[in-house]
Amino acid sequence: MTFYGRETEKNKINRMLKKETLQTILICGRYRVGKSELIRHCLIHQEVPFLNYECRETTEKGNIENLALLISEQFHLPPLSFSSMENLLEYLFKKAEDEKLVLVLDEYPYLRETIRRCDSILQSLIDRYSKTSSLKLILCGSYVDTMKSLLSRENPLYGRIDLTIDLKPMDYYESAMFYQDYSPEDKVRLYSVFGGIPYYNRLIDSSLSVTDNIKELVTSPGARLENEVPMYLKSEISRIGNANVVFEALARGFSKYSDLLSQSHVTSGPTLIDVLDKLIRMEVVEKRSPINDADNRRKSGYFITDNLSMFYYRYIFRYMSQRSVLDEDTFFERYIQNDFETQYVPHVFENICRQYLIRQNRSGQIDPPFDLIGKYYYDDPVNHTNGEFDNVTKDPQGYIFYESKFREKPLSPELIQKEIQQVKSAGLDCYKYGFISRSGFACDPEQEMIFIALEKLYQ
């Protein structure tokens, strides 16, 4: 199986694995983001023995027996017996005094739930063998809150973690490596549904059209990912009803706190805050503030960052009853097709363009490099209007306003001038204008303009 992307994370892990001393690595990230696959990919390219143990939701005795069996099989030893997990782990710390060894405790939160003082046990062993053992201990888990708590000052492992990787979903560029045979337009469409989760992207069948992939994997009854979103949320949230109504309001385009409170019908403000905070910690929702007024809470908004969740709540959850009585083709044509192409994908395209600009900025392709990128909120007292521009950058020279268009036709001079005039009429501070277009341009850029065609985003 081909492994795509994650170059930065791979390099960091590989550097730690090559060190001669004891090292503790913490890797966290949401469910399906590719943590275990990243670890396996790094381990198989190292000439070091390793134990990759997936912790179980069972008793301490059950975990001891399973890990002891793995040790026996890995090192061709007779059956081993240990009185406690502390004794077993100490055996491995000692073993790594004489030979290199990597121990992976995958889904570590399961282990610490069943073993009292598990963090303290590891802390004691790390301190005791810090100068003599060369063990590389990797703690991995999908419960991001739990894993990050290991870094807190109150936790026994505080100060003992040598490398922390908070693995995020891939951006549009790395995600597109999974479906390289599609056109740039179809890459945008696929990313808008499956996002940056490697598990989802591996399921895409390059022999099928975008529409057929969506039907087969998401929208058809019994599809592989039909229940992926609700199952993931239920594993993290006890009162799923509140999360459902908040997600549905977000998917319909409501982002301001006051709008979410009225549209989601959540019973109270504190309840809504609790739900939003939980979704943010799960990294499926984020709070964004305008870059020109970052401290203004009323102008901040909440946005879904997980594309499959956004697609699910916009089309599947909302039209569940209609879906149950229609065949899959009619349902897609009637409730998804037009809105998906004219509203949903263009919205995600704006996020893709933001990711592209950040990629270019980090690689030194933008001069001068910008310090901020985000929404720009404006009030126009003359025309009695207000609004937002989605992608605006701020550098030492000022603001550049970027307009992203996922249209079938090339951008015409008239449309470009209309967009520029909108900025000028509001009296906004802008020294250059950028345009990113799916279908190219029907004119050449002038000195104050930046033109970027869709194909360039994937080069």
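Q: In this predicted model, which residue of β10 is the bridge partner of Thr393?
A: Look along β10 and you'll find Ile400, the bridge partner of Thr393.

Q: What makes β9 and β10 count as paired strands?
A: The cut-off is at least two bridges between the strands. β9 (residues 385-395) and β10 (residues 398-405) have 5 bridges, so they pass, and they pair in the antiparallel sense. They also form a hairpin, with 2 residues between them.

Q: Why are α12 and α16 called roughly perpendicular?
A: Check the angle first: the axes of α12 (residues 228-236) and α16 cross at roughly 110°. Angles of 65 to 115 degrees count as roughly perpendicular, so that's the label this pair of helices gets.

Q: What else can be said about how α12 and α16 cross?
A: Their crossing is left-handed, and their axes come within 9 Å.

Q: How do you know which element gives the most to the lining of the largest pocket?
A: Go by the residues each one gives: α19 gives the most, with 9 residues. Other elements that give two or more include α1 (7-17), α8 (172-175) and β6 (285-288). α16 (307-316), the helix from the crossing, is also one of them.

Q: What kinds of residues line the largest pocket?
A: It's a mix: 16 nonpolar, 11 polar and 16 charged. Lys and Asp count as charged, so Lys168 and Asp171, which are among the residues nearest the pocket's centre, carry that label.

Q: How many residues line the largest pocket, and how much space lies in it?
A: The lining has 43 residues, and the space is about 1300 Å³.

Note on methods
Residues are numbered from 1 along each chain as its sequence is written. This is a predicted model: local features need pLDDT of at least 70, side-chain atom pairs count only at pLDDT 80 or more; totals for chains, interfaces and linings use all residues. Side-chain values use heavy atoms; hydrogens and water are left out. On a 1 Å grid over the protein atoms alone, a cavity is a set of points where a 1.4 Å probe fits but cannot get out, and a pocket is an open set with protein on both sides within 12 Å along at least five of seven lines; lining residues have an atom within 4 Å of a point. Grid points are joined across faces, edges and corners, and a volume is the space filled by probe spheres set on the points. Helices (H or I, at least four residues) and strands (E, at least two) are DSSP runs, numbered from the N terminus. Axes are lines fitted to C-alpha atoms, for helices over the stretch in contact, and angles run from 0 to 180 degrees between N-to-C directions. Angles under 35 degrees count as roughly parallel, over 145 as roughly antiparallel, 65 to 115 as roughly perpendicular and the rest as oblique. A crossing is left-handed if the near helix is turned anticlockwise from the far one by less than a right angle, and right-handed if clockwise.
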